[in-house]
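Let's take a walk through this one together, one chain at a time, and then see where the chains meet. Have the picture open as you read.

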Amino acid sequence: MDRIYRIGIDEVPRHLTLNEQEHLRLTFVVMPGISADIPFEINIGREGVNLEILGLYLSPHSEQVHFKVTVRHLVGGSHSSQLFRGIVGGKARARFDGLVYVAKDAQKTEAFQENHSILLSEGAVAETHPQLEIYADDVKCSHGATCGYLNPDELFYLRSRGIPEKEARKMQMISFISPVIGHLPEDLQQQIISRL
Amino acid sequence: MAEEKDILAAAVSKEYSEGFVTDIEQEFIPKGLNEDIIRLISAKKDEPAWLLDFRLDAFRKWRQMTPPAWGHLSRLPKIDFQDIIYYAAPKKDEERPKEIDPALQETFDKLGIPIREREVLAGVKSKVAVDAVFDSVSVSTTFRKTLAGMGIIFCSFSEAVREHPDLVRKYLATVVPVGDNFYAALNSAVFSDGSFCYIPKGVKCPMDLSSYFRINASGTGQFERTLIIADEGASVSYMEGCTAPMRDENQLHAAVVEIIVEKDADVRYSTVQNWYPGDAQGRGGILNLVTKRGLCRGENSHLSWTQVETGSAITWKYPSTVLMGDNSSSEFYSVALTGNFQQADTGTKMIHIGKNTRSRIVSKGISAGHSENSYRGLVRINPGAVNARNHSQCDSLLIGSECGAHTFPVIRNSSPSAIVEHEATTSRISEDQLFYCNQRGISPDDAVGLIVGGYAREVLSRLPMEFAVEAQKLLSVNLEGSIG
């Protein structure tokens with residue numbers, strides 16, 4: 001199942017409990033101009049669940065975005081992955097709090113968590129708290145977080161091939177967010193890209 | 001499989017060989033903590049008025065504070081601060097006040113700490129200058145004269161207060177302010193002894209300096225204070241070790257370490273922490289609540305932390321670096337091993353202020369038994385920290401299904417030209433790895449030691465040589481029988 005939440009338009013459930021064997025993909029999209037606190041908790045109560053959470057935040061002005069995502073593996077044998085990517089500019093602040101909790105005896109759990117941000121300007125702040133709390137030993141869990149800027153070498157490459165700077169930067173941003181927006185419906189994708 | 005399980009289970013239950021008590025006449029001050037006690041400690045150490053005022057100010061601040069509760073330390077007991085003796089010292093022989101008591105000598109011999117220069121010079125031990133602290137006082141500092149010839153000051157903190165008051169006053173509490181946190185404030189009020197080290201401009205310290213801390217008396221706590229200053233272009237390697245007797249009570253150890261690194265200076269700080277961890281049922285053990293911080297004040301300064309944490313019932317410790325000078329850099333290498341009912345919440349903070357500042361974090365956690373091991377860290381890039389760079393790697397290894405391994409990093413980036421990366425993984429010793437070793441005739445215990453040694457290698461290889469050998473031994477001894 002594929003669910004898409006446009007923050008500020010669609011209502012986001014605060015809690016979800018997964019007791020069915022299912023493949024669930026959730027995508028959160030925060031468009032420019034939107035400030036929001038997004039607390040979201042999900043409990044996995046059954047084996048064989050495959051959960052994928054994707055998040056995108058575009059905050060070029062003075063937005064304040066705060067994701068608070070908790071994934072609890074209460075039983076073993078399930079898979080979860082989180083991928084959050086965002087571009088922060090102006091005086092905006094973006095914060096990602098992500099907790100993966102693996103209960104005692106929830107063996108054979110696989111949980112992955114990633115958060116990547118790009119800062120565009122002085123005054124922008126990106127904060128990330130990717131947390132793992134693990135009480136079982138036979139698990140595969142990892143997280144990664146990065147924060148950086150648009151690679152100047154890539155920019156140079158594109159410009160040396162005659163692409164104007166503005167467009168080249170936009171291409172870089174599209175490639176940065178494409179892992180998150182790749183599966184979204186065409187019209188939403190276009191809508192996101194036009195706002196970059 | 002059952003056999004392998006037994007082996008894992010047995011691994012964490014090895015005895016603590018430093019757990020003996022030295023029978024020696026000691027003097028104590030009354031239990032409890034109030035302004036009179038602080039005045040008494042200060043008087044015992046014959047301190048100037050400014051230091052007493054410093055203590056009293058700290059005490060007043062401390063009284064307004066509450067103990068931090070954010071650590072992932074469910075077994076940290078509520079500490080009754082009125083039930084602790086804040087000063088205990090071995091009695092001096094009045095006729096021969098300069099000589100070290102033979103019982104103390106024997107204690108440090110037993111621990112393998114060279115407090116006699118003769119032995120070291122004869123080449124029995126490697127060349128290390130030692131400051132040995134027993135409960136609340138420093139008993140001996142070796143190679144002081146040799147070092148003084150180069151302008152290096154290496155002595156106990158109390159001596160530094162007497163002989164170099166200007167230096168102490170200039171630098172004390174500049175890195176860890178009195179009211180920094182609850183335990184730092186407590187330490188500032190009641191600190192007893194510790195080491196003081198000053199390396200003058202352009203001097204490269206010719207030998208490793210080290211402090212050895214020993215808790216002996218029961219009912220006491222140890223509150224050492226260490227201050228290390230590396231002036232412009234200086235460099236030094238500093239090591240710290242610690243042990244305590246086995247007791248059913250929890251003993252408090254609340255230290256403060258401050259390091260100041262000036263322009264072009266280089267400091268390497270290594271710790272092998274082996275306080276008594278408590279018994280297999282989780283009774284007793286040291287509560288290790290420590291504040292350590294370094295300030296890279298000048299350009300191109302460099303500070304490197306390496307720690308091996310195997311002891312203590314509770315560890316709450318975050319050696320941190322403030323990267324203030326442009327082009328300054330810092331590293332944090334840590335191995336934390338917890339077994340039985342030990343709990344560790346440890347990590348680092350890297351605060352990037354200057355331009356082109358660089359930091360690297362490598363943390364390896366190993367949890368076994370019923371223990372909990374957390375990495376908690378902060379990487380903060382301030383707005384002016386142009387081109388700052390950080391890379392953090394935090395790995396956890398779980399041995400057995402009763403323990404926990406956690407990672408709580410915080411990254412806060414306000415500089416658009418900075419790059420920060422963090423990664424963490426969790427794994428365990430797989431049956432395949434064990435089987436592979438066993439099949440080649442390596443006993444399961446040795447196999448665990450081998451695998452853990454390989455896992456921690458990146459950190460252990462950063463330690464000065466003898467320390468590395470000792471740390472490797474500690475890791476394998478503490479894990480003996482943990483495969484279960």
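## A stroll through two chains

Start with chain B: a compact globule of 484 residues would have a radius of gyration near 23 Å, and chain B has 22 Å, which agrees. Keep in mind that you're looking at a predicted model. Along its principal axes, the C-alpha trace of chain B spans about 65 × 60 × 50 Å. There's plenty of secondary structure to spot here, with 12 helices and 24 strands in chain B.

How much of chain B is buried? Of its 484 residues, 55% count as buried. The chain also brings together parts that are far apart in sequence: take the contacts in chain B with a separation of 6 or more, and 84% of them are between residues 24 or more positions apart.

Now for the inside. The largest nonpolar core has 180 residues, and B:Ile259 and B:Val267 are the ones with the most contacts inside it. These two also touch each other: setting aside neighbours within four places in sequence, B:Val267 is in contact with B:Ile259, and its other partners are B:Ile228, B:Ala230, B:Val236, B:Tyr238, B:Val261, B:Gly294 and B:Leu303.

For a closer look at a single residue, find B:Ala255. You'll see B:Ala255 in the loop between β10 (250-253) and β11 (256-261) of chain B. Is B:Ala255 buried or exposed? It has 23 C-beta neighbours inside 10 Å, and 20 are enough, so B:Ala255 counts as buried. Leaving out neighbours within four places in sequence, B:Ala255 is in contact with B:Asn187, B:Phe223, B:Glu224, B:Arg225 and B:Val290. You can also try tracing from B:Ala255 to B:Phe157: the two are 98 residues apart in sequence, and 13 Å apart in space from C-alpha to C-alpha.

On to chain A. It has three helices and 11 strands, and if you read along the sequence, the pattern is β-β-β-β-β-β-β-β-β-β-β-α-α-α. A compact globule of 196 residues would have a radius of gyration near 16 Å; chain A has 18 Å, which agrees. Its C-alpha atoms fill a box of roughly 55 × 35 × 30 Å along the principal axes. As for burial, 38% of the 196 residues of chain A count as buried.

Let your eye follow some strands in chain A. Strand β1 (residues 2-6) runs parallel to strand β3 (residues 23-30), and five bridges join them. In that pairing, A:Asp2 stands opposite A:Arg25 in β3(A). From β3(A) you can step across to strand β5 (residues 50-59), again parallel, this time through eight bridges. Here A:Phe28 stands opposite A:Gly55 in β5(A).

Finally, the meeting point. How many residues does each chain bring to the contact? Chain B gives 27 residues and chain A gives 30. On the chain B side, β22 (389-399), β23 (404-413) and β24 (419-428) each supply at least two residues. The largest share, 10 residues, comes from β23(B). Sort the chain B side by residue type and you get 12 nonpolar, 11 polar and four charged.

That strand β23(B) also pairs across the boundary. Strand β10 (residues 125-134) of chain A runs antiparallel to β23(B), and six bridges join the two. To pick out one spot in the pairing, look for A:Glu133, which stands opposite B:His406 in β23(B).

Definitions and conventions: Residues numbered from 1 in each chain as written. Chains lettered and ligands numbered in written order. Predicted model: local features only at pLDDT ≥ 70, side-chain atom pairs only at ≥ 80, totals over all residues. Contact = placed C-beta atoms within 7 Å. Helix = DSSP H or I, 4+ residues; strand = E, 2+ residues; numbered from the N terminus. Nonpolar A, V, L, I, M, F, W, Y, C, P; charged D, E, K, R; others polar. Pairing = 2+ DSSP bridges. Rg over C-alpha atoms; globule rule 2.2 N^0.38 Å. Buried ≥ 20, exposed ≤ 12 C-beta atoms within 10 Å, placed from the backbone. Core = buried A, V, L, I, M, F, W, Y, C linked by C-beta atoms within 7 Å.
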